[in-house]
Amino acid sequence: MQKLFSNLNQELNINSKLTFSGFYEHFSKLVKISSECRLLVALSGGCDSVALLHLCQKLKRKLGTDVYAVHVNHGLRKASSMEELFVKDLCKEWEIDLEVFYPSRKRKKGESIEMWARRIRYKAYEVTQEKFNCNWVLTAHHSNDQIETILMHLDAGCGVEGLQGMPTQNKYIVRPLLIFSQTSIEKYVKDNNLYFIEDKSNWDLSIQRNFIRHKIVNKWLLNTDQLASRFGELSRQAVDAVTRMDAVILKLANQAVKKENGQILLMDEQFDFLSKKQLVRLTKFIIGENMISWRRHRWETLSQWFRKAKIGSILELNLDWTVLRDRNCWVLIRGDLKPVNLSIDSQGQFGTDGYTLTLNKIESPIVNTDPFYEIIDGKAVEGKNLILRSWHKGDIFQPLGMVGHKKVSDFLIDEKVNRFSKMQQLVLTANDEIIWICGRRLGDLAKITDSTTEYLELYLEPGVG
């Protein structure tokens with residue numbers, strides 16, 4: 001985990017001059033480089049990405065490493081076509097296979113143009129990486145970009161995660177120039193007589209990163225040559241702090257988190273010692289967003305909800321995960337909670353998304369303690385239309401051994417079933433009469449008696465289908 005999140009100046013001084021030997025020394029310590037490596041370079045046509053492609057071209061000559069490039073034509077400016085033409089000519093001259101990505105301009109609700117462009121770029125990397133079967137995707141971010149990123153995170157009200165900045169390596173994305181300054185990259189380009197395209201939108205001060213670059217960072221750099229090193233050290237310390245916290249959270253997640261029927265339960269007795277912010281961190285880890293820097297409002301929203309949530313309260317964490325406050329725990333569930341309404345035969349197997357119900361005639365009853373296994377009187381349902389469905393408000397049934405009927409809602413309350421489980425609860429009906437609250441209670445109608453001659457075995461498998 002430490003290497004995965006490592007940032008900036010581990011091997012070389014952050015103000016190192018950019019040379020091929022220095023690049024090779026640093027890059028080879030980040031990933032294993034050989035003739036079998038396949039590298040994909042994100043190529044905009046700007047100074048930084050051209051320098052990176054040139055370095056990788058030298059790597060290709062030195063080791064025989066395969067090098068590819070991907071260019072995203074966002075189509076937002078008149079210069080986009082000229083930039084595309086430039087990178088095509090460059091890759092042709094250097095004999096590098098190039099993939100040009102033309103995205104749809106459709107944005108998600110609430111998504112800024114900058115957020116859209118970033119999402120599109122990383123989608124292009126993913127698609128092209130798969131096409132060329134590349135081991136690594138390389139981007140040309142440098143130490144000045146790192147300073148800007150940390151300042152942007154601070155402006156957004158980030159926590160300690162935001163102080164990490166950009167990781168040198170994040171899964172298949174590698175930033176081998178992150179320890180080098182913009183000045184050193186510009187000097188490398190000049191010394192090697194490389195041509196590049198100047199993106200005029202980089203001077204648009206309405207874009208936050210450009211404003212921070214030109215109005216803050218560049219002016220700051222005029223007064224100190226230690227800025228990159230200091231931000232690098234800040235990033236390193238933040239990485240170390242987050243890595244240690246993540247190690248504790250991972251241990252908690254592996255040892256104390258309870259899993260039950262597809263739900264993740266954080267029992268109060270196990271996690272009451274955590275502060276609400278620490279509980280947020282644990283939740284963030286569980287839903288797979290531990291490597292994503294949340295903005296302040298996401299931290300505060302979930303933290304406040306943890307403080308004030310009443311029993312039965314539900315909060316959507318993202319498009320995939322939802323959290324519920326139950327009587328003595330927090331319940332996390334992934335995926336849609338879809339109602340089910342399926343007609344089935346009186347014998348056989350019926351599968352659907354999330355469930356498989358098997359019905360078999362057997363010679364005699366057998367003992368099975370699985371709550372999703374039952375044996376009923378086959379004659380009681382013979383010739384009837386069996387339907388497996390979600391329970392509905394107003395449903396009633398006669399529980400096994402009980403005189404009279406009971407509302408399913410009252411039964412579930414008595415059983416202390418949480419709201420998520422209620423939403424997922426299935427019932428099996430025979431001609432519209434409930435004969436089984438699946439996994440919980442058999443209806444009296446289908447019970448086995450001394451006069452039973454035909455036995456029907458029911459087996460419901462949640463999560464299969």
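Analyst: A residue is called buried when its relative accessible area is under 20%. The model discussed here is a predicted one. By that cut-off, the buried residues of helix α4 are W116, A117, I120, A124, Y125, T128, Q129 and F132.

User: What covers the buried residues of α4?

Analyst: Strands contribute to the cover, among them β1 (38–42), β2 (66–72), β3 (97–101), β4 (136–138) and β6 (173–174). The criterion for such a contact is a pair of heavy atoms within 4.5 Å.

User: How do you know whether the length of α4 agrees with its number of residues?

Analyst: The expected span is 1.5 Å times one less than the number of residues. For the 20 residues of α4 (113–132) this gives 28 Å, and the end C-alpha atoms are 28 Å apart, so the two values agree. After α4 comes N133, with a positive phi near 55°.

User: Why is H54 classed as buried or exposed?

Analyst: The relative accessibility of H54 is 12%. Since the limit for buried is under 20%, H54 counts as buried. H54 belongs to helix α2 (residues 47–63). Leaving aside residues up to four places away in sequence, H54 touches W94, Y188, N192 and L194.

User: What makes Q57 buried or exposed, and which residues does Q57 touch?

Analyst: Q57, also in α2, has a relative accessibility of 8% and therefore counts as buried. With residues up to four places away excluded, Q57 touches W94 and I96. Q57 and W94 are separated by 37 residues in sequence, yet their C-alpha atoms are 7.5 Å apart in space.

User: How many aromatic pairs are there, and why are F23 and F27 described as stacked, tilted or edge-to-face?

Analyst: The ring-centre rule yields ten aromatic pairs. In the pair of F23 and F27 the centres are 5.5 Å apart and the planes stand at 35°. The rule asks for centres within 6.5 Å, and a plane angle neither under 30 degrees nor over 60 counts as tilted; the pair is therefore tilted. Both residues lie in helix α1 (residues 20–30), four residues apart, which is about one turn of the helix. F23 is buried, at 0% relative accessibility, and F27 is buried with a relative accessible area of 0%.

User: What makes K62 and R325 count as charges over a ring?

Analyst: The charge atom must be within 6 Å of the ring centre and within 35 degrees of the ring normal. K62 lies over the face of Y24, at 5.3 Å from the ring centre. R325 lies over the face of W330, at 4.3 Å from the ring centre. Ring pairs also link W330 with W305 and F306 in a cluster.

User: Why are β7 and β9 called edge strands?

Analyst: The five strands form an open sheet in the order β7-β8-β11-β10-β9, paired antiparallel. β7 (258–260) and β9 (314–316) each have a single partner strand, so one side of each lacks a neighbour in the sheet. On average, neighbouring strands are turned by 25° against each other, direction ignored.

User: How do you know that β9 and β10 pair, and which helix lies across β10?

Analyst: Pairing requires at least two bridges, and β9 and β10 (residues 321–325) have three, in the antiparallel sense. L315 stands opposite V323 in β10. Helix α10 (residues 276–286) lies across β10, β8 (263–267) and β11 (329–334), and runs at about 160° to β8.

Conventions
Residues are numbered from 1 along each chain as its sequence is written. This is a predicted model: local features need pLDDT of at least 70, side-chain atom pairs count only at pLDDT 80 or more; totals for chains, interfaces and linings use all residues. Side-chain values use heavy atoms; hydrogens and water are left out. Helices (H or I, at least four residues) and strands (E, at least two) are DSSP runs, numbered from the N terminus. Axes are lines fitted to C-alpha atoms, for helices over the stretch in contact, and angles run from 0 to 180 degrees between N-to-C directions. Rings of Phe, Tyr and Trp (its six-membered ring) pair if their centres lie within 6.5 Å; planes under 30 degrees apart count as stacked, over 60 as edge-to-face and the rest as tilted. Buried means under 20% relative accessible area, exposed over 50%, partly exposed in between (1.4 Å probe, protein chains only).
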